[in-house]
Amino acid sequence: MRIRMIPREGNFFDYLGRQAENLTKAAAFFKQAVSDGKLAEGEIKKIRELEHEGDTLAHEITDLLNRTFITPIDREDIYSLANSLDDVLDLLNAMAGRIKLYKLQPGDEYFAQFIDLIDQAAAAVCSAMKYLPDDKKRTRVLDYCIEINRLENMGDSVREKAIGGLFEHEKAPMAVIKWKEIYETAEGALDKCEYVAKVIEGILVKHG
Amino acid sequence: MRIRMIPREGNFFDYLGRQAENLTKAAAFFKQAVSDGKLAEGEIKKIRELEHEGDTLAHEITDLLNRTFITPIDREDIYSLANSLDDVLDLLNAMAGRIKLYKLQPGDEYFAQFIDLIDQAAAAVCSAMKYLPDDKKRTRVLDYCIEINRLENMGDSVREKAIGGLFEHEKAPMAVIKWKEIYETAEGALDKCEYVAKVIEGILVKHG
Amino acid sequence: MRIRMIPREGNFFDYLGRQAENLTKAAAFFKQAVSDGKLAEGEIKKIRELEHEGDTLAHEITDLLNRTFITPIDREDIYSLANSLDDVLDLLNAMAGRIKLYKLQPGDEYFAQFIDLIDQAAAAVCSAMKYLPDDKKRTRVLDYCIEINRLENMGDSVREKAIGGLFEHEKAPMAVIKWKEIYETAEGALDKCEYVAKVIEGILVKHG
């Protein structure tokens, strides 16, 4: 097979930054949307649209990566960041979809805590991505990574309390099955944010 | 440690093609087997045998990859394709095993829809793999990838309806737990087919 | 961005060996801890501490990898081994946490069989890692890999029996949900050990 490569640096940081911004926008919108204890049909649709925009951005980054010979940071790292940012938004969208499918009221206390943590983690991811190309902002980027780790740890204790409470108080197995999935999806979104932080820390070490 | 590498191109396309054919065979057999609303012991065994053959092929590809210095396409892509094709068949085999373990009747309407989508997706994967080495068949290969994406999207709506219906109509929590797992495994098989399409699209871009 | 690389071989085998030893220690401790059919608060804490030590080791390996230019084996393989060893210990720790959270008695027969298999698999992983740098011990390392595969296969049949039994005998859906998760986590730990064996076999082929 022939090989076609364009030997120039693509503007990957730009793309990744836009992807992170889109994620932050979706997380902030989700948090605001459920703040009244409900999630309207139009709000679910809006989250799905942001998820589609994220898909398009992720696809463009992968495409650019496949056509670029020299990259400013390791190819695998760009690929990991694009995919993980995409995954976080997929999980947010899946949560919104499940709330509708399972006819749940998102006024649940633990769910609100999760959405708040995800909103904060997404904002920290976005800031870390923004300052990543700037060598003088290393400490700042690292601080955001530490913050993301802290939020993920908080998510672990929310999940412990949420799932523990589910088995303690909830009498209906169906509700347990539904909420357990929602909580685990929320925790998965925080785990993915932590993974993004891990990749960023690796990039900082390599370019230290 | 010493390094031993054979500096020649292995016949990777040949191996991957055989792996895709084996998967297609298993998917078609599964579909035919459950068409009478049952899954006999001998049919489960046959699927398990095809899964073992798939394991052997995947192992041979990885082995060849480890011993080959120059590859016709990126090493990671060969590795991803071999592993993902293997994963799809693993999931099919897991579904067959769960149907037996959970004593389910595979006459379920949504299950039939899933198996039909997987059968079509496997066939499209097989065709895409077949034409991939031929530079003149780029458009055709891309069409198969688009088709696989379409089938995966259809799988998403089948799952929505299937799981929604489960919580709506099913009174027994045990049955919900069992079928939910089966549906999610089926959806996972379609997701993996979509991932294969994504890797193939990446290969086409790199060698465009 | 600037690039800083130290062009020397890091002592990766040493680190990976320590990580495998830490895992083996945790698995052996877990097995011993539940041998009386209980899991005390202090024992859960001890497993969590070993998991934290594992985290630190995995982090140090990744860090060293990012700062090292020439590695004795492929970078991806070092990364895969460090992450997978870390994952096994994470899953052990998750199991201990769930037993507490779900207020389960770990005297369950199938759970005991799983812990025994994980203990054996961890010991085999540790031995394989120990002899891996020694070219004269190839056959021995391969034997440990075969042993790990055998243990993972045994885990598959334990899970079949365990989950089958759960749906057959257990009347309470809540208990089914809890134990199904524990069994699947245990099986996941064995799967990760098998993945470690697969990476090791790949290393042996490349340096054959």
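Me: Contact means heavy atoms within 4.5 Å. With that in hand, how many residues does the contact take from chain C and from chain B?
Reply: This is a predicted model, where local features need pLDDT of at least 70 and side-chain atom pairs count only at pLDDT 80 or more, while totals for chains, interfaces and linings use all residues; side-chain values use heavy atoms, with hydrogens and water left out. Residues are numbered from 1 along each chain as its sequence is written, and chains are lettered from A and ligands numbered from 1 in the order in which they are written. As for the contact, chain B gives 18 residues and chain C gives 26 residues.

Me: What area is buried between chain C and chain B?
Reply: Buried area is the accessible area (1.4 Å probe) that two parts lose on being put together, summed over both. Here carbon and sulfur atoms give 57% of it. The total buried between chain C and chain B is about 2,000 Å².

Me: Which residue of chain B meets Glu168(C) in a salt bridge?
Reply: A salt bridge is a side-chain nitrogen of Lys or Arg within 4 Å of a carboxyl oxygen of Asp or Glu. By that rule, two turn up across the interface of chain C and chain B. In the one made by Glu168(C), N and O are 2.9 Å apart, and the partner is Lys103(B).

Me: Which element gives the largest share of the side of chain C that touches chain B?
Reply: There are three residue pairs in polar contact between chain C and chain B, both residues at pLDDT 80 or more. (A polar contact is a pair of N or O atoms within 3.5 Å; within protein, one must be able to donate a hydrogen and the other to accept it, and residues adjacent in sequence count only if both atoms are side-chain atoms.) Helices H5 (138-169) and H6 (173-206) of chain C each supply at least two residues of that side, helices being DSSP runs (H or I, at least four residues) numbered from the N terminus. With eleven residues, the largest share comes from H6(C).

Me: What turn lays chain C on chain B?
Reply: Copies are superposed by least squares on the C-alpha atoms of residues with pLDDT of at least 70 in both. The fit has an RMSD of 0.0 Å and a shift of 0.0 Å along the axis, with a turn of 120 degrees. That is the relation of a three-fold axis, and the turn asked for is 120 degrees.

Me: Which residue of chain C comes closest to the rotation axis?
Reply: Two copies of a chain are related by a rotation about an axis and a shift along it. In chain C, the closest approach to that axis is 3.7 Å, taken at the C-alpha, and the residue is Pro173(C).

Me: How many salt bridges are there between chain A and chain B?
Reply: This contact takes 19 residues from chain A and 27 residues from chain B. One of the bridges pairs Glu181(A) with Lys180(B), with N and O 2.6 Å apart. The full count between chain A and chain B is two.

Me: Why does the pair Glu41(B) and Lys100(B) tie together parts that are far along the chain, and how many residues apart are they in sequence?
Reply: The side chains of Glu41(B) and Lys100(B) meet in a salt bridge at 3.3 Å, N to O. Glu41(B) lies in helix H2 (residues 41-67) of chain B and Lys100(B) in helix H3 (residues 75-101) of chain B, so the parts they tie together are apart in sequence by 59 residues.

Me: Lys31(C) and Asp119(C) meet in a salt bridge, but is Asp119(C) buried or exposed?
Reply: Buried means under 20% relative accessible area, exposed over 50%, and partly exposed in between (1.4 Å probe, protein chains only). Lys31(C) counts as partly exposed at 33%. Asp119(C) has 16% relative accessibility, so it counts as buried.

Me: Which residue forms a salt bridge with Asp77(C)?
Reply: The closest N and O atoms of this pair are 2.6 Å apart, and the partner is Lys206(C). Asp77(C) lies in helix H3 (residues 75-101) of chain C and its partner in helix H6 of chain C, so the pair ties together parts that are 129 residues apart in sequence. Asp77(C) is buried, and so is Lys206(C).
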